[in-house]
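Please look through the structure below and follow the explanation from its overall division down to individual side chains.

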Amino acid sequence: MKDQDLEALLQDLSVEEKVYQLIQYQGANYSDDAVLTGLLDQNHITPHELGMAGSTLCIWGADKLKKIQDAAMAIQPHHIPMLFMLDVIHGHRTVFPCPLALGATFSPELVEECAAVAAREAAAEGIHVTFAPMADLVRDARWGRCMESTGEDPYLNGRMAAAMVRGFQGDDLRNPDHIAACVKHFAGYGAAVAGMDYQNVELSEHTLREYYLPAYQAGIEAGAKMVMTGFHTYNGLPCTGNAWLMRDILRGEMGFDGVLISDYCAVNEMVSHGLCEDLRDAARVAMENGVDIDMEGRSYAAALIGLVEDGTIPMARLDEAVRRVLKLKNALGLFEDPYHGASETQAKAVVRTEEHRALARRAVTQSLVLLKNDDAILPLRPGKIAFIGPYLEDADLRSAWSFSGEAADNRSVRAAVKAQAVRAGWEVRFSQGSTLLDNGTRHALGVYRNDDFLLENQRLCAEAVELARWADTVVLCLGEHRLQTGEAASRVWLRLPEVQQKLFSAVAAENPRIAVLLFSGRPLVLGEMAEQAKAVLACWMPGTEGGDGIVDVLSGSVSPSGKVTMAFPFAEGQEPMCYNGYSTGRPQVPGGPSEYTSRYLDCPNAPRYPFGYGLSYTTFTLSEVSLSAKQMTKKEMITVHAKLENTGTVAGTEVVQLYLQDLVGSRVRPVKALKGFQKVSLQPGERVDVQFTITEEMLRFYTARNRFESEPGVFRVYVGTDSSVEEYLEFRLVEEG
Ligand code: NOJ
């Protein structure tokens, strides 16, 4: 539709039609065959209202959505098509590794490919918009939603958010293989106090701007069509009613002119927050602050027509919001094809194809992080291998955020081992070892209860010990439950369930040659296991192709190359933590005194495994780091050279990382900040020159003059294979002339 036709349509709509474009109801109001359900009565929504709504969330299926679209367009006086939105977070039917794992690949290219496949599958099943990427920076592993983030670094998060947006949206949203992206949760949601979901966020403006905003900005600059508000309170105001965040920063400074949607019921929740008296007040505040769509919209539905009719909300503001929604529909080509190419035939052709599953398997192999590998116990040599643990077979590999992937499609570790064992020369036996959870464990959707818990675990553990006695090597498949991370899944204990720790101890007493496969949606506290196990491989929530990807790495077909993007602490009390904080006035200096410095008395300051860390089956040597110049002006650049050599005996991939430190600034600067990375694959003995270019733009920060700019002075350059690198070179940024 041409712009002027869209404008004419907008002007022709009644106030009721306009308001309903801003209301989003959930798909649970429809049954599987798209018939209206009892929920409708329970929620006091009439079929007319449902049809009038501009969008629906969390429902998919080509035929089903076609029926709903047809019914809605018939009800709409102007036959405006509905938007269908869904959380396509890390895959649709083909479930990729969770975002924390995708971050560990350090491959924006791969992440873009995964997003493109997710978009193709979701679009074929009728989806127009995904509520992804989540660009929230995370430093606190207690927060369950770290699983949905790519980690603790603003630069990496920005690269990944942009890659996801490009993958989902492609070059042209009319292309039926693409869907619109929604950057969330604006802004700073990942910094919830004490890692408690929905809690308020206490961040200075400086920290918000320096660390938290860049990834949202990167997603917006990549062209994301939608942004979602966070549930939390920032600076005394819920984000959904926060004029500074939504008007000044998002719309003003970032220039975002797409659709701003509230998080689920976040408009209503301004009443619970105590900012608004009632739903009418909440609708007013959200509208005034630029929120266009009310997700699961009870406030706009209850009050917006009245607010416009009595002049509280000007017609111009209503038009602005509706125009944005109509523009998005137009960008997707819905006025020409309200189904956006979705059909059962198309879905059959693209959903979970061999090609998509192969990509997911490749993504798994690249996301695994080898945390430890003493005696080169991995890859597994031919011999007797006992595979033990609750993650062997039944545990769900999909994560808490894969509505549309089927648990039945999971390729379990056990199935994959069976398929590859003969080729690998493994004689294998399997044993569950323990239940996944401790009795009485609370997770996001309830409490785990098992009347036979003690007896069952005694039996399972005894079997496992027997197997460990038989084996040359034991592979223990342990982890937290998928619903122990995700929304509303905060934890103060970051350890494995006790029942699994006991299993570990019992097996280790019998056979110390243990490789742990660790499944989790967050960094965990590994305790003694990190010392006693020979190897630990972080497998995250690997998605439906997890089993095969993991076995590819166990067998050595692929050497692990993933890197930690969120530090693994020694103890929960270290949280929140990050490698790139500010220096204190009394930092701990290697070799210097430690009394009266910033330190814990009972724990190291550093994490067990820092940002950027991860081993390989081969060894790499980084040497001859040099700078092309000792100083540069703002217009000049410096090239960093380093030699990377594969000094081991097998092929492998290393992530070379560039960190900078600005020694003196008008505001204190991080002790180190990632500014670039390169993933390099080398054959044994191969040696290459790795280069980075330092530009003035990389030196900018939010200065005492309240703007992003660089300041002359000395900078340190670190090139390493993780963030703990200590050797550096220096250069000076000088004024011109
Ligand atoms: C609430 C979550 O916070 C958000 O991330 C998600 O997109 C919506 N629910 C819709 O499912």
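In this predicted model, the protein is divided into three parts, with domain 1 covering residues 3-347, domain 2 covering 354-566 and domain 3 covering 620-733. The centres of domain 1 and domain 2, taken over C-alpha atoms, are separated by 35 Å, and the contact between these two domains draws 47 residues from domain 1 and 42 residues from domain 2.

The size of an interface is often given as the accessible area lost when the parts come together. For domain 1 and domain 2 this buried area is about 3,500 Å², and carbon and sulfur atoms give 63% of the figure. Polar groups also take part, since 26 residue pairs, with both residues at pLDDT 80 or more, are found in polar contact across the interface of domain 1 and domain 2, and the count of salt bridges between the two domains is 3.

Arg145 forms a salt bridge with Glu487, in which the closest N and O atoms are 3.9 Å apart, and a polar side-chain atom of Arg145 also lies 2.7 Å from an oxygen atom of the ligand. Two other side chains reach ligand oxygen atoms through polar atoms: that of His185 at 2.6 Å, and that of Asp263 at 2.5 Å. Taken alone, the ligand exposes 300 Å², and the protein buries 96% of that area.

Around the ligand stand 13 residues, and the closest are Asp87, Arg145, Lys184, His185 and Asp263. Sorted by class, this shell holds 7 nonpolar residues, 1 polar residue and 5 charged residues.

Definitions and conventions:
Residues are numbered from 1 along each chain as its sequence is written. This is a predicted model: local features need pLDDT of at least 70, side-chain atom pairs count only at pLDDT 80 or more; totals for chains, interfaces and linings use all residues. Side-chain values use heavy atoms; hydrogens and water are left out. A residue is near a molecule or strand if one of its heavy atoms lies within 4 Å of it. A polar contact is a pair of N or O atoms within 3.5 Å; within protein, one must be able to donate a hydrogen and the other to accept it, and residues adjacent in sequence count only if both atoms are side-chain atoms. Accessible areas come from the Shrake-Rupley method with a 1.4 Å probe; for residues, only the protein chains shown count as cover. Ala, Val, Leu, Ile, Met, Phe, Trp, Tyr, Cys and Pro count as nonpolar, Asp, Glu, Lys and Arg as charged, and the others, Gly among them, as polar. Domain bounds come from an automatic or database domain assignment. Contact means heavy atoms within 4.5 Å. Buried area is the accessible area (1.4 Å probe) that two parts lose on being put together, summed over both. A salt bridge is a side-chain nitrogen of Lys or Arg within 4 Å of a carboxyl oxygen of Asp or Glu.
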